[in-house]
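Reader: I would like to go through this model by its empty space, its core and a few single residues. Please keep the answers short.

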Amino acid sequence: MPSFIVTANSSEDVSKALIFANNHSLGVAVMATGHGMQDRNAGPGPNSLLIRTTCFRNFTAFPNDNITGYNNTPWIEGYATVGAGLTFGKNYWYNVKNSEGLYPLAKNVSREIVGGTCHTVGIVGWMLGAGKGWTTPMYGLGVDNLLHVDLVMANGTNTSASYTHNKELFKAIRGGGPGFGVVTSLKIKLHTPVCGI
C-alpha cells in the first residue's frame with residue numbers, strides 16, 4: 001500500500017524519511033521483519049511512507065558489564081546492544097549480518113535472553129509489545145528486559161531514553177509500546193543461564 005519505501009541503513013536515513021513524510025503530509029508505517037498478524041506495516045493508507053529497519057543488524061554484547069536498571073539498581077548479568085532488524089532465530093535471508101538470530105548470539109557469550117517462541121519475530125515489536133516467551137516466568141516480559149532505547153522522533157530528531165535519561169519517554173515506551181518514534185536499537189538484559197549453555 002505505501003507510495004514510498006525507505007530501506008534505512010542509519011538513523012540519519014530514518015530522520016530524513018520522517019522529515020520528508022512531514023513535509024508531504026504522508027502517513028508513516030515501520031517494518032523490521034514484516035512478521036505481524038495485524039499487518040500494521042501495510043501503512044495507514046495508499047498515500048503513505050514505509051520505513052524498513054531490517055538493515056539495523058548490529059549485536060554487541062557486554063556480558064560482564066553493569067548497567068543501571070529499574071529504580072537505579074545495577075543490572076549485573078550484562079547487557080547487549082541490539083539492532084532493530086534482528087530476529088530471535090534464523091533469518092530467512094541467511095547471508096545477512098547476524099542472520100543466526102539473538103538466541104545463538106547470546107549463547108555465543110554464554111548468556112541467554114528473553115524472547116519470542118517464534119524465531120522469526122523481530123525484537124522491537126515483541127519487546128515493546130510486552131512479549132512473552134519460554135523464559136518469561138523466570139525473567140519477566142519483554143518490557144521488563146528493556147534497559148535503553150535509541151529512536152528517531154516524528155520530527156526527525158535522534159534521541160534515546162532509559163531509566164536515567166528521558167525517563168518519562170522511556171516509561172511511555174515500556175508501557176505504551178511502539179508509536180513514540182522509530183526505534184533503531186535497544187539495550188536489553190542478558191541473563192546467566194540457570195542450567196548452563
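Author: Contact here means heavy atoms within 4.5 Å. The model is a predicted one.

Reader: Leaving aside neighbours within four places in sequence, which residues is Val14 in contact with?
Author: Val14 belongs to the largest nonpolar core, which has 45 residues. It is one of the members that touch the most others there. Beyond four places in sequence, its contacts are Ala8, Ile51, Phe56, Val152, Val182 and Thr184.

Reader: Which residues of the largest nonpolar core touch the most other members, and which elements give two or more residues to this core?
Author: In soluble globular proteins, nonpolar side chains tend to be buried together. Here the residues touching the most other members are Val14, Ile51, Val82, Leu102, Ile123, Val149 and Leu186. The elements giving two or more residues to this core are helices H1 (11-23), H2 (102-107), H3 (123-128) and H5 (167-176), with strands S3 (48-52), S7 (79-83), S8 (146-152) and S10 (182-189).

Reader: Is Ser185 buried or exposed?
Author: Ser185 lies in strand S10. Not counting residues up to four places away, it touches Thr81, Val82, Gly83, Ala84, His148, Val149 and Asp150. Its relative accessible area is 13%. Buried means under 20%, so Ser185 is buried.

Reader: Which side chain makes a polar contact with the side chain of Ser185?
Author: Asp150 is among the residues that Ser185 touches. The polar contact runs from side chain to side chain, at 2.7 Å. The partner is Asp150.

Reader: How many cavities of 30 Å³ or more are there, and what volume has the largest cavity?
Author: Rolling a probe the size of a water molecule over the atoms shows where empty space is left. The count comes to two cavities of 30 Å³ or more. The largest cavity has a volume of about 70 Å³.

Reader: How many charged residues are in the lining of the largest cavity?
Author: The lining consists of Ala32, Thr33, Thr54, Gly85, Thr87, Asn91, Tyr92, Trp93 and Thr120. By class, three are nonpolar and six are polar. The number of charged residues is none.

Reader: Which element gives the most to the lining of the second largest pocket?
Author: This pocket holds about 180 Å³ of space. Its lining is Tyr70, Asn71, Asn72, Ser162, Tyr163, Lys167, Phe170, Lys171 and Arg174. Three of these are nonpolar, three polar and three charged. With four residues, the element that gives the most is H5.

Reader: Is Asn71 buried or exposed?
Author: Asn71 also lines the second largest pocket. It is found in the loop between strand S5 (67-68) and strand S6 (74-75). Its relative accessible area is 62%. Exposed means over 50%, so Asn71 is exposed.

Reader: Which sign has phi in Asn71 and in Ser110?
Author: Most residues other than glycine have a negative phi. Phi of Asn71 is near 60°. Ser110, in the loop between H2 and H3, has a phi of about 60°. In Asn71 and in Ser110, the sign is positive.

Reader: What is the relative accessible area of Ser110?
Author: Ser110 sits in the loop between H2 and H3. It counts as partly exposed, with a relative accessible area of 45%.

Reader: Is Phe88 buried or exposed?
Author: Phe88 is in the loop between S7 and H2. Its C-alpha atom is separated by 20 Å from that of Glu77, 11 residues apart along the chain. At 0% relative accessibility, Phe88 is buried.

Note on methods:
Residues are numbered from 1 along each chain as its sequence is written. This is a predicted model: local features need pLDDT of at least 70, side-chain atom pairs count only at pLDDT 80 or more; totals for chains, interfaces and linings use all residues. Side-chain values use heavy atoms; hydrogens and water are left out. On a 1 Å grid over the protein atoms alone, a cavity is a set of points where a 1.4 Å probe fits but cannot get out, and a pocket is an open set with protein on both sides within 12 Å along at least five of seven lines; lining residues have an atom within 4 Å of a point. Grid points are joined across faces, edges and corners, and a volume is the space filled by probe spheres set on the points. Ala, Val, Leu, Ile, Met, Phe, Trp, Tyr, Cys and Pro count as nonpolar, Asp, Glu, Lys and Arg as charged, and the others, Gly among them, as polar. A nonpolar core is a set of buried Ala, Val, Leu, Ile, Met, Phe, Trp, Tyr and Cys residues joined through side-chain atoms within 4.5 Å. Buried means under 20% relative accessible area, exposed over 50%, partly exposed in between (1.4 Å probe, protein chains only). A polar contact is a pair of N or O atoms within 3.5 Å; within protein, one must be able to donate a hydrogen and the other to accept it, and residues adjacent in sequence count only if both atoms are side-chain atoms.
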